[in-house]
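Colleague: I am new to this one, and I would like to understand the words people use for it. Could you show it to me and let me ask as we go?

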Amino acid sequence: MRLVWLIGGLVSLGIGIAGIVLPLVPTVPLVLLATFCFARSSSRLHSWLLQHPTFGPQIDDWNSRGAISQRAKRLATVSIFTVFSISIALAVPVHVLAIQTITLSLVLVFLWTRPNT
């Protein structure tokens, strides 16, 4: 079972890192999932992620207070509006825009209702 958790953690971390540059791919939730998986599979990778200079503080903020930094909230908001604008510019079908509007609005509500770090 440890191998399954390890693979899940590596896949989550890989996709999360890709999300840094890919729109609509969430970075922080996937890094949090990787942390969860590594806690069950590899104490070395779990410790590495918790001590990572970029991801460690975000993980600690989330674990201790369920908090997201103001900077992360702003970046996520800008990213969401950019992706939605691109969808409009590409003349994405209206039903897809409606789904994006609902989904992205819910994401924004979730983000902005979390405590700040």
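Colleague: Which residues line the largest cavity?

Modeller: Happy to start there, with the reminder that this is a predicted model. The lining is made by Val 28, Gln 58, Asp 61, Trp 62, Ala 67, Ile 68, Ser 69, Ala 72 and Thr 117. Helix α4 provides the largest share of that lining, three residues. The volume of this cavity is about 60 Å³, and the structure holds one cavity of 30 Å³ or more.

Colleague: What makes a space like that a cavity, and what makes another a pocket?

Modeller: A cavity is a place where a 1.4 Å probe fits but cannot get out, whereas a pocket is open. The largest pocket has a volume of about 960 Å³. Its lining counts 32 residues, and those nearest the centre are Pro 26, Thr 27, Val 28, Ala 72 and Ala 76. Two or more lining residues come from each of α2, α4, α5 (70-89) and α6 (94-113). With nine residues, α5 gives the most.

Colleague: Let us go back to the cavity lining. Why is Asp 61 called buried?

Modeller: Asp 61 has a relative accessible area of 17%, and buried means under 20%. The value falls under that cut-off, so Asp 61 counts as buried. This residue sits in helix α4. Leaving aside neighbours within four places in sequence, Asp 61 is in contact with Gly 66, Ala 67 and Thr 117.

Colleague: Which other residues of α4 are buried, and what covers them?

Modeller: In α4, which spans residues 55-65, Phe 55, Gly 56 and Ile 59 are buried along with Asp 61. The cover over the buried residues of this helix includes α1 (2-18), α2 (28-39) and α3 (43-51).

Colleague: What follows α4 in the chain?

Modeller: Gly 66 does, and its phi is positive, near 65°.

Colleague: Now for the outside. Why is Ile 7 called partly exposed?

Modeller: Ile 7, a residue of helix α1, has a relative accessible area of 46%. Buried is under 20% and exposed is over 50%, with partly exposed in between. Since 46% lies between those two cut-offs, Ile 7 is partly exposed.

Colleague: And which residues make the nonpolar surface patch of about 370 Å²?

Modeller: Leu 3, Ile 7, Val 11 and Ile 15 make that patch. A patch residue needs over 30% relative accessible area, and Ile 7, at 46%, therefore passes that cut-off.

How values were computed
Residues numbered from 1 in each chain as written. Predicted model: local features only at pLDDT ≥ 70, side-chain atom pairs only at ≥ 80, totals over all residues. Heavy atoms only, no water. Buried < 20%, exposed > 50% of the residue type's maximum accessible area, 1.4 Å probe, protein only. Helix = DSSP H or I, 4+ residues; strand = E, 2+ residues; numbered from the N terminus. Contact = heavy atoms within 4.5 Å. Patch = residues over 30% accessible without salt bridge, like charges linked within 9 Å, V, L, I, M, F, W, Y side chains within 5 Å. Areas by Shrake-Rupley, 256 points an atom, 1.4 Å probe, with all protein chains shown as cover. Salt bridge = Lys/Arg side-chain N within 4 Å of Asp/Glu carboxyl O. 1 Å grid on protein atoms, 1.4 Å probe; cavity = no way out; pocket = protein on both sides within 12 Å on 5 of 7 lines; lining within 4 Å. Points joined across faces, edges and corners; volume = space filled by probe spheres on them.
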